[in-house]
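Reader: I am new to reading protein models, and I would love some help with this one. Could you take me through it step by step?

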Amino acid sequence: MAFTFFMRDLPVIEHAVNHTVQFSSGRMRTKVWDAGSALGQETYTVAIAFAEKMGRFALNNLRIDATDYDEANKFGDKVKNGVYHYDELKRMPEEFFKKYIEPTDIPGCYRVIDKLRNLVSFQYHDLRSFKPIGNDYSLILCKNVLLHFSQDERVKVIKMFHEALAPGGYFVTEHTQKLPAELDRLFEQVVPDAQLFRKL
Ligand SMILES: C[S@@+](CC[C@H](N)C(=O)[O-])C[C@H]1O[C@@H](n2cnc3c(N)ncnc32)[C@H](O)[C@@H]1O
């Protein structure tokens, strides 16, 4: 089972969202791809960060595509339903919990509110296909996934992300993941203290 949790790397996600909102102003829509989303904990963290930045009622032009290759564990159903046990949600700041999480009939379980779930669409996708799920993305997140890939695979996956991004769009990965040197001319690092890159 994938190791992940709500609010993981929130400051980096907020940073990426701030840049993306600025980049997307004036665009018809903002497309986000959360690649290797696991059970949606990261995806809904991203959705919350956008809602906080843009306001819940300005989210109409936002679409978040979550992908993972784990069909055996029915990740798609879990992400779509957005139901999680309290143990998974308890590290969420109380103000976010109050605004974005609601009770369910299932003992100990809560659901992400419709407003956020409606932004998210999940599909099964294997990053090793090296084929993007779409194009014109303003932001692609791929965190804590590529560490298990070979260097050659990593280069191919990040080139695929480059292809899928709109010009000037953003790519974010985890702190310990450095951009392979051969991709230097495809991206510029936005800030020295986060692995947030802008497509050149
Ligand atoms: C450690 S979790 C990271 C989840 C989340 N991105 C985070 O940072 O918390 C890694 C996820 O990558 C997914 N993954 C691994 N290889 C993949 C591949 N080839 N294609 C798509 N997803 C993959 C796993 O199924 C798992 O859900």
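**The core and what surrounds it**

Author: Happy to! Let us begin inside: the largest nonpolar core has 51 residues, and Ala16, Val46, Ala47 and Ile140 touch the most other members. Please keep in mind that this is a predicted model.

Reader: Which helix gives the largest share of this core?

Author: Nonpolar side chains tend to be buried together in soluble globular proteins. In this core, seven residues come from one helix, which spans residues 41-54. That largest share belongs to helix α2.

Reader: Which residues does Ala47 contact, leaving aside its neighbours within four places in sequence?

Author: Ala47 is among the core residues that touch the most other members. Once its neighbours within four places in sequence are set aside, the contacts of Ala47 are Ile64, Leu116, Leu119 and Val120.

Reader: What is the order of the strands in the sheet of seven?

Author: This sheet is open, and its pairing is mixed. From one strand to the next, the twist averages 20°. Reading across, the order is β6-β2-β1-β7-β8-β10-β9.

Reader: Why is one side of β6 and of β9 left without a neighbour in the sheet?

Author: β6 and β9 (187-189) stand at the edges of the sheet. One side of each is left without a neighbour there because each has a single partner strand.

Reader: Which strands does α2 lie across, and at about what angle does α2 run to β2?

Author: The strands that α2 lies across are β1, β2 (62-68), β6 and β7. Against β2, the helix α2 runs at about 165°.

Reader: And at about what angle does α1 run to β8?

Author: Helix α1 lies across β1, β7, β8 (165-172) and β10. Its angle to β8 is about 170°.

Reader: Which residue in β10 is the bridge partner of Tyr170?

Author: β8 and β10 pair in the antiparallel sense, over three bridges. In β10, Glu188 stands opposite Arg198. The bridge partner of Tyr170 in β10 is also Arg198.

Reader: How many residues are in the hairpin that joins β9 to β10?

Author: β9 and β10 (residues 196-199) pair in the antiparallel sense over three bridges. Gln189, for example, has Phe197 as its bridge partner in β10. The hairpin joins β9 to β10 through six residues.

Reader: What is the order of the strands in the sheet of three?

Author: This open sheet has antiparallel pairing. Its edge strands, each pairing on one side only, are β3 (83-85) and β4 (101-103). Neighbouring strands are turned by 40° against each other on average, direction ignored. The order is β3-β5-β4.

Reader: Which residue in β5 stands opposite His85?

Author: β3 and β5 (residues 109-112) pair in the antiparallel sense over three bridges. Opposite His85, in β5, stands Cys109.

Reader: Is Phe130 buried or exposed?

Author: Phe130 sits in the loop between β6 (120-124) and β7 (137-141). Its phi is near 60°, a positive value in a residue other than glycine. A residue with 12 or fewer other C-beta atoms within 10 Å counts as exposed. Phe130 has 12 of them, so Phe130 is exposed.

Reader: How does Asp136 count, with its C-beta neighbours inside 10 Å?

Author: Asp136 is found in the loop between β6 and β7. Its phi is near 65°, again a positive value in a residue other than glycine. Because it has 14 C-beta neighbours inside 10 Å, Asp136 counts as partly exposed.

Reader: How far apart in space are Arg27 and Ser138, C-alpha to C-alpha?

Author: Arg27 lies in the loop between α1 (10-24) and β1 (30-35). Arg27 is exposed, with 12 other C-beta atoms within 10 Å. Arg27 and Ser138 are 111 residues apart in sequence, but in space the C-alpha to C-alpha distance is 9.7 Å.

Reader: What separation do the C-alpha atoms of Lys178 and Gln195 have?

Author: The loop between β8 and β9 holds Lys178. Lys178 counts as exposed, with 10 C-beta neighbours inside 10 Å. Lys178 and Gln195 are 17 residues apart along the chain, and their C-alpha atoms are separated by 7.3 Å.

Reader: Lastly, which residues are closest to the ligand?

Author: The ligand is surrounded by 16 residues. By class, this shell has six nonpolar, three polar and seven charged residues. The closest are Ala2, Thr4, Gly36, Ala38 and Asn144.

Conventions:
Residues numbered from 1 in each chain as written. Predicted model: local features only at pLDDT ≥ 70, side-chain atom pairs only at ≥ 80, totals over all residues. Near = placed C-beta within 6 Å. Nonpolar A, V, L, I, M, F, W, Y, C, P; charged D, E, K, R; others polar. Core = buried A, V, L, I, M, F, W, Y, C linked by C-beta atoms within 7 Å. Buried ≥ 20, exposed ≤ 12 C-beta atoms within 10 Å, placed from the backbone. Helix = DSSP H or I, 4+ residues; strand = E, 2+ residues; numbered from the N terminus. Contact = placed C-beta atoms within 7 Å. Pairing = 2+ DSSP bridges. Axes fitted to C-alpha atoms, helices over the stretch in contact; angles between N-to-C directions.
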